[in-house]
Amino acid sequence: MPWSHILLVILYRITCLFSTECQYHEQLTCSFRSLSDSTTGFSGPAELREPRLEVKRSSSAEVSAMAAPQDSNETSYLLPPNSKDWEEQGIPDFVYGQKELVLEGIQWPGTAPGLLDTPPGSRFDSALCSAWRQRMDLGLFRYRLGELQTQTLPGAVGLVAQLNVERGVQRRRPQNIRSVKQAFDPEQFNFNKVRPGEVLFRLLREPDLPGALRQEDILVMINVSPLEWGHVLLVPEPTRGLPQRLLPGVLRAGVEAVLLSSHPGFRVGFNSLGGSASVNHLHLHGYYLARRLPVEGAPSEPLDPGGRLHLLRTLPAPGFLFYTGGPGPDLEALIGRVCRATDYLTDHEIAHNLFVTRGAPPGKTSPSSALTGVRVILWARKSSFGVKEGEAFNVALCELAGHLPVKTSRDFGSLTEAAALALIQDCLLPSAQAEEVQAALVAVIAQDEQ
């Protein structure tokens, strides 16, 4: 036998020996580094620079070598090498328990330049990132997401701008939507029509979490036009044909996904119809952004004596704040309040956006406050159907929170804090209507708590 053949056999056997172990070693290296002028195009003072998520991606060949393990009881979230086997494999389950919902110890690192130590990713982070990266390497996205230029806009607010030209050009056109209460239309694009390989796993909670209602099946699938690394959609059983109206089950899954991640920058959000939702089929967004955002520690004031509803008055946009210190009855109560508030907005044809992030408790906090719980911020806003061409960004859940995905290099280079705030403020309700909505939501929360 020629030496070349012998070497190939040896390499093959070594690959088989270690393939199962490699399957479970996360190839995503998440480390925080201070941004340099060369990577961001930002030449501001050092104190305005923020850490970023550095991602090392494996090649398609490496991904294929890590496909389903041969001899292991562990669940694989990777696709088989042959695309013909994807549908037959079925959707793997990611089953989690209460002990994996982590509140303490998840904080942003310091601002000193250089490589900073970070805790290892959680089991959820490992499953999501490895499966997401494999789909990127297999070409299941509309474009390959490279390193995005990122800058904190000079100013007092701390808006984070990112250049994402491909999303602005290649994302799916929004559906023809004319009402916040529009019914689901099976003839339009919906998540029953995605390719089998786009679904990463089914998110399932163990049934014995105290004080929690039964959790419905939630599919975690890639967003084929990603905003950032790890951008996924959380979709309740698609065959139910649910319109884009927030329900307790999917909101609970979104909040618990934030708690399952050990990355302080994993956030979840919701866009209503008329609030920049492009698909009328119930879903949440989830993604990683290695930057602090203004809403995490913005100060608030209570709107009711029980402290169940607070108001954020600070920029980039005033919003209603709900807060929970952890899983259990407190979280279940929060989910009920939020959904009663969004039900009121939907029933009254008021578009809205929602953002879920680790954050500080309500009250007199600051941008650097510790992340002691989960903040859910709700914004009522003007309805906007379709995409506004010619603007630097479209206002939706992440923009209201202070993360601005910018469409063109020209806008990215010239965008100022004042211009960005003007775009955001233009989407908010007039002051008189905003006051009416505030009074109505306070009444809704008070009535249902009695």
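The following exchange covers the sheet, one helix and the core of a predicted model.

The model is predicted, local features need pLDDT of at least 70, side-chain atom pairs count only at pLDDT 80 or more, and totals for chains, interfaces and linings use all residues. Residues are numbered from 1 along each chain as its sequence is written, and side-chain values use heavy atoms, with hydrogens and water left out.

Colleague: Which strands stand at the edges of the open sheet?
Modeller: Strands are DSSP E runs of at least two residues, helices H or I runs of at least four, both numbered from the N terminus; two strands pair if DSSP finds at least two bridges between them. The sheet has 11 strands in the order β3-β6-β7-β8-β10-β9-β14-β15-β13-β12-β11, with mixed pairing. Two of them have a single partner strand each, so one side of each is left without a neighbour in the sheet: β3 (93-96) and β11 (300-302).

Colleague: Which residue of β7 stands opposite L203?
Modeller: Strands β6 (residues 199-205) and β7 (residues 218-222) pair in the antiparallel sense over 4 bridges. Opposite L203 stands I218.

Colleague: What span does helix α8 reach from its first C-alpha to its last?
Modeller: Helix α8 covers residues 329-347, 19 residues. The expected span is 1.5 Å times one less than the number of residues. The span in the model is close to that expectation, at 27 Å.

Colleague: Which helix gives the largest share of the largest nonpolar core?
Modeller: Such a core joins buried (under 20% relative accessible area, 1.4 Å probe, protein chains only) Ala, Val, Leu, Ile, Met, Phe, Trp, Tyr and Cys residues through side-chain atoms within 4.5 Å. Of its 68 residues, W132, F201, L203 and F322 touch the most other members. The largest share, 8 residues, comes from helix α7 (residues 248-260).

Note on methods: Buried < 20%, exposed > 50% of the residue type's maximum accessible area, 1.4 Å probe, protein only.
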